[in-house]
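Subject: Structure for your review

Dear colleague,

Please find below the structure I am handing over to you. My account of what was found in it follows directly after.

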Amino acid sequence: MLRGAESALREGASGESGSGASLVLGPAEELTGWLARWAEARLEAGERLFVVQFWTGRPSRSLLSLTARFSGRIEIRFMGRDEPDLSPGSGSVDDKWAADGVALGARALEKGGWDHVVLLEVDAVVRQGFVELDRVLELVDRRPSDRGLLFLCTGAP
């Protein structure tokens, strides 16, 4: 069961781009399915999304299909990389890689051009000590009022 999803949907359905900062908690497989449905609705409404994925595997097929359907309106990054590193032993994350992902999210919020910035499973790198929680929470304080910030987490740090 996802917690916070209803309020995030309500804010997104208000018709206002960048309606706030939201937190959705739940199992990883439910989060990715929910994100694909939420993102599709936002993209169909003409909004632009920037997603930073904080694990090393491939994104869900449903999320990838959105990049093809809505080319140029959704961008998925992998903790500072353009493509996931799927080489043997690539499951390890380091401080720099995780910090680069948070920095990417911050730049996407600050530079504009995106209606929503999504940090997918950023809680994992916080729990593992790669990034300080305060650094992630700074994004909420620095978020321009016309942009949405969505944290999708498998658990709270």
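In strand 4, the side chains of H116, V118 and L120 point one way, while those of V117 and L119 point the other way, and all of them are buried. Please note that this is a predicted model. In a regular strand, side chains alternate between the two faces of the sheet. Strand 4 covers residues 116–120, and five of its five residues are buried, which leaves the strand mostly covered.

Strand 4 has a partner strand in two pairings. With strand 2 (residues 49–53) it pairs in the parallel sense over five bridges. Within this pairing, V51 has V118 of strand 4 as its bridge partner. Strand 5 (residues 148–153) also runs parallel to strand 4, and five bridges join the two. Here the bridge partner of L119 is F151 in strand 5.

For orientation, the protein has six helices and five strands. Along the sequence they follow the pattern α-β-α-β-α-β-α-β-α-α-β. Of the 157 residues in the protein, 49% are buried.

Two loops deserve a mention. After strand 4, the loop leading to helix 5 (122–127) contains E121. E121 has a positive phi of about 65 degrees, although this residue is not a glycine. Its relative accessible area is 11%, so E121 counts as buried, the limit being 20%. The other loop lies between strand 1 (21–25) and helix 2, and P27 is found there. P27 is partly exposed, at 30% relative accessibility. P27 and G155 are 128 residues apart in sequence, yet their C-alpha atoms are 8.1 Å apart in space.

Turning to the aromatic residues, a search of the whole structure finds two aromatic pairs. In one of them, the rings of W34 and W38 have centres 6.1 Å apart and planes at 15 degrees; the pair is therefore stacked, as the angle is under 30 degrees. Where do W34 and W38 sit relative to each other in helix 2? They are four residues apart in that helix (residues 28–44), so about one helical turn separates them. Both W34 and W38 are buried. A further ring, that of W114, has the charged end of R48 sitting over it, 4.3 Å from the ring centre.

The count of salt bridges comes to nine. Three of them are described here:

- R42 and E47 meet through their side chains at 3.0 Å, N to O. R42 is buried, with a relative accessible area of 10%, and E47 is buried as well, at 5% relative accessibility.
- E44 forms a salt bridge with R69, and the closest N and O atoms are 3.4 Å apart. This pair links distant parts of the chain, since E44 belongs to helix 2 and R69 to helix 3 (residues 61–69), 25 residues apart. E44 is exposed, with a relative accessible area of 53%, whereas R69 is partly exposed at 47%.
- D146 and R147 meet in a salt bridge at 3.8 Å, N to O. D146 is partly exposed, at 42% relative accessibility, while R147 is buried, with a relative accessible area of 11%.

In addition, salt bridges with shared partners join E40, E44 and R69 into one network.

Finally, which residues make the nonpolar surface patch of about 210 Å²? The patch is made by L133, L137 and V140. V140 lies in helix 6 (residues 133–142). With a relative accessible area of 33%, V140 is partly exposed; this value is over the 30% that a residue needs in order to be part of a patch.

In brief, two points may help you when you first open the model. Strand 4 is paired in the parallel sense with strand 2 and also runs parallel to strand 5, with five of its five residues buried. Helix 2 holds the stacked pair W34 and W38, and E44 of this helix reaches R69 of helix 3 through a salt bridge.

With kind regards

Note on methods: Residues are numbered from 1 along each chain as its sequence is written. This is a predicted model: local features need pLDDT of at least 70, side-chain atom pairs count only at pLDDT 80 or more; totals for chains, interfaces and linings use all residues. Side-chain values use heavy atoms; hydrogens and water are left out. Rings of Phe, Tyr and Trp (its six-membered ring) pair if their centres lie within 6.5 Å; planes under 30 degrees apart count as stacked, over 60 as edge-to-face and the rest as tilted. Buried means under 20% relative accessible area, exposed over 50%, partly exposed in between (1.4 Å probe, protein chains only). A charge sits over a ring if NZ of Lys or CZ of Arg is within 6 Å of the ring centre and within 35 degrees of the ring normal. Two strands pair if DSSP finds at least two bridges between them. Patches are made of residues with over 30% relative accessible area and no salt bridge: like charges are joined within 9 Å, nonpolar side chains (Val, Leu, Ile, Met, Phe, Trp, Tyr) within 5 Å. Accessible areas come from the Shrake-Rupley method with a 1.4 Å probe; for residues, only the protein chains shown count as cover. A salt bridge is a side-chain nitrogen of Lys or Arg within 4 Å of a carboxyl oxygen of Asp or Glu.
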